[in-house]
Amino acid sequence: MLLLALDQGTTSTRAMVFDQAGRALARAQREHRQIYPQPGWVEHDPLEIWAAAQAVLSDALAQGIDRRQIGALGLTNQRETVVVWERATGRPIHNALVWQDTRTAADIAALVAHGGQDRFRAQTGLPLATYFSGTKLAWLLDHVPGARQQAAAGDLLFGTMDSWLIWNLTGGPRGGRHLTDVTNAGRTQLLNIHTLAWDAELLRLLAVPRLGLPEVRASSEVYGEVAASVAGGALAGLPVAGALGDQQAALFGQTCFAPGEAKNTYGTGCFLLLNTGPAPVPSANGLLTTLGYQLVGQQPVYALEGSLAITGALVQWLRDNLGLIANAAEIEPLARSVSDNGGVYFVPAFSGLYAPYWKDAARGVIAGLTRYATKAHLARAALEATAYQTRDVLEAMRRDAAASGGALDLSALKVDGGMVFNELLMQFQADQLGVPVIRPRVAETTALGAAYAAGLAVGAWRGLDDLRANWGEDRRWTPALPAAERDRLYAQWQKAVTRTFDWVE
């Protein structure tokens with residue numbers, strides 16, 4: 001049996017076909033526009049993304065894949081990005097508001113003023129921040145003319161990108177299923193992560209009507225079938241059988257099924273997740289308590305997460321905004337042309353600081369500049385920023401784990417995502433963490449996790465042990481930097497981070 005994965009990310013949409021050994025047999029990818037109406041505002045066109053999704057599904061099938069061998073389709077997606085659309089037509093009422101968007105900062109500040117940044121943590125595991133979906137949904141309903149009235153009448157549907165795609169895949173206006181899974185629902189700041197139900201108090205406080213929200217389901221179960229109107233009908237009748245937010249999909253694809261196992265995904269942002277088992281672990285150190293995954297008929301698995309907004313996107317920024325490099329691959333040789341960062345530190349707080357600081361008013365800073373600094377030092381500082389931010393999160397994770405009664409002795413870190421092929425970065429990451437960094441044979445673990453979830457739902461594997469057997473190591477980086485030098489560099493990074501605080505009045 002083959003499994004088809006649709007991976008809808010922040011900058012592009014991919015389709016991949018995997019066999020039961022977890023090997024990728026086909027892949028297709030298309031980018032979509034990043035829309036910036038104002039500083040701090042980030043939008044996507046949902047119709048452009050839906051068109052790209054259909055195109056990549058068709059492109060992947062065209063690579064010699066026998067449709068009759070495909071058993072199910074699994075979905076993974078950028079989280080927190082929200083869409084509101086008309087139930088009758090499927091027309092979005094506005095561009096999607098992307099997880100990086102900060103336009104709701106004033107709304108967040110007002111909520112924080114009446115209860116503090118952690119006032120919803122007990123129910124949601126999340127601090128109040130522009131990152132999450134609830135205030136974005138309220139903004140769309142408040143600012144699109146007539147939207148509140150349409151929502152009250154039941155004429156609008158809303159949800160994260162998985163809901164938009166599942167609804168369209170299963171028929172759209174002609175019988176589409178309006179669903180989400182626990183991992184995506186848990187990032188809206190509207191779901192009670194203990195009951196797995198939309199929380200009436202949060203819906204009232206954030207002014208989001210229950211009527212338009214999707215039904216919450218497990219991450220691995222059959223949701224419906226692909227409609228004949230999708231991608232020229234080639235996938236008609238195929239079960240849509242799995243959905244996971246992208247970082248949880250990577251956790252699943254890396255087979256981090258046991259408490260204490262962790263992975264880090266290096267993409268547009270960077271996301272370190274630690275499996276904490278069947279009980280949510282509260283964080284006192286700026287991390288997120290989040291749903292890791294849920295298999296149908298089973299209790300959910302929880303995780304601690306450290307979310308970083310800008311990592312791979314910083315390389316993209318150096319390319320597109322500064323013209324420092326012509327393509328992303330050029331950054332490694334440029335950074336390697338110098339032996340160190342020349343005292344330069346780059347804190348990419350372009351949309352505030354996420355974990356473990358959660359400061360919406362922070363903005364990016366380049367510190368330590370002298371006449372000695374060159375573009376090579378800037379390139380190296382940009383790569384090192386990802387490793388330093390990851391250490392920030394891991395240090396917080398260790399403190400939380402210790403406080404909850406169990407020490408986290410991370411012996412190695414599994415890594416995935418586009419940046420793991422940057423060997424300079426991976427070596428520096430191992431140096432900063434003081435533990436080996438391991439890249440798996442299949443680096444596209446986000447798509448693989450979606451395929452695994454779908455395959456489990458239709459019987460492609462007997463259970464999680466079959467998936468563990470698929471995992472294999474491709475490359476390992478071991479620490480080579482003396483501990484004293486590692487800590488000296490990190491102390492300078494922490495000093496640079498403080499310079500970003502409270503930049504926006």
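**Exercise 1. A residue in a helix**

Starting from the fact that Thr 445 lies in helix H14 (residues 445-457), work out whether Thr 445 is buried or exposed, and which residue its side chain joins in a polar contact.

*Solution.* Before the steps, note that this is a predicted model, in which local features need pLDDT of at least 70 and side-chain atom pairs count only at pLDDT 80 or more, while totals for chains, interfaces and linings use all residues. Residues are numbered from 1 along each chain as its sequence is written, and side-chain values use heavy atoms, with hydrogens and water left out.

Step 1. Helices (H or I, at least four residues) and strands (E, at least two) are DSSP runs, numbered from the N terminus, and H14 is the helix that holds Thr 445.

Step 2. Thr 445 counts as buried because its relative accessibility is 1%, where buried means under 20% relative accessible area, exposed over 50% and partly exposed in between (1.4 Å probe, protein chains only).

Step 3. The side chains of Thr 445 and Asp 416 are joined by a polar contact of 3.0 Å; such a contact is a pair of N or O atoms within 3.5 Å, and within protein one must be able to donate a hydrogen and the other to accept it, while residues adjacent in sequence count only if both atoms are side-chain atoms.

Step 4. Leaving aside neighbours within four places in sequence, Thr 445 is in contact with Ala 249, Ala 250, Gly 253, Gln 254, Asp 416 and Pro 440, contact being heavy atoms within 4.5 Å.

**Exercise 2. An enclosed helix**

Explain why helix H13 (residues 423-433) can be called largely enclosed by the rest of the structure, and describe what stands at its two ends.

*Solution.* Step 1. Nine of the eleven residues of H13 are buried, so the helix is largely enclosed; among these buried residues are Leu 424, Met 426, Phe 428 and Gln 432.

Step 2. At the N-terminal end, Asn 422 acts as a cap, with a side-chain oxygen 3.3 Å from the backbone nitrogen of Leu 424.

Step 3. After H13 comes Gly 434, which has a positive phi near 75°.

Step 4. H13 lies across S15, S21, S22 and S23, and runs at about 60° to S23; axes here are lines fitted to C-alpha atoms, for helices over the stretch in contact, and angles run from 0 to 180 degrees between N-to-C directions.

**Exercise 3. The seven-stranded sheet**

Give the strand order of the open sheet that contains S17 and S23, name its edge strands, and examine Leu 291 in S17.

*Solution.* Step 1. The seven strands follow the order S17-S18-S16-S15-S21-S22-S23, with mixed pairing, and two strands pair if DSSP finds at least two bridges between them.

Step 2. S17 and strand S23 (473-477) are the edge strands, each pairing on one side only, and neighbouring strands of this sheet are turned by 30° against each other on average, direction ignored.

Step 3. Inside the sheet, strand S21 (residues 413-416) and strand S22 (residues 437-440) pair in the parallel sense over two bridges, with Lys 414 standing opposite Ile 438 in S22.

Step 4. Leu 291 lies in strand S17 (residues 288-293) and is buried, with a relative accessible area of 1%. Although 15 residues separate Leu 291 from Thr 276 in sequence, the two are 9.7 Å apart in space, C-alpha to C-alpha.

**Exercise 4. The nonpolar cores**

Identify the members of the largest nonpolar core that touch the most other members, and trace the contacts of Tyr 266.

*Solution.* Step 1. A nonpolar core is a set of buried Ala, Val, Leu, Ile, Met, Phe, Trp, Tyr and Cys residues joined through side-chain atoms within 4.5 Å.

Step 2. The largest core has 79 residues, and those touching the most other members are Tyr 131, Tyr 266, Ile 331, Trp 358, Leu 413, Met 426 and Trp 493. Helix H12 (residues 375-403) supplies the largest share of this core, 13 residues.

Step 3. Beyond its neighbours within four places in sequence, Tyr 266 is in contact with residues including Thr 386, Leu 413, Asp 416, Met 426 and Gln 429.

Step 4. There is also a second, separate core of 38 residues, which includes Ala 15, Trp 85, Ala 96 and Val 240.

**Exercise 5. An unusual peptide bond**

Find which residues the cis peptide bond at Pro 356 joins, and where Pro 356 is placed.

*Solution.* The cis bond joins Ala 355 and Pro 356, with omega about -5°, and Pro 356 belongs to the loop between strand S19 (345-347) and strand S20 (365-367).
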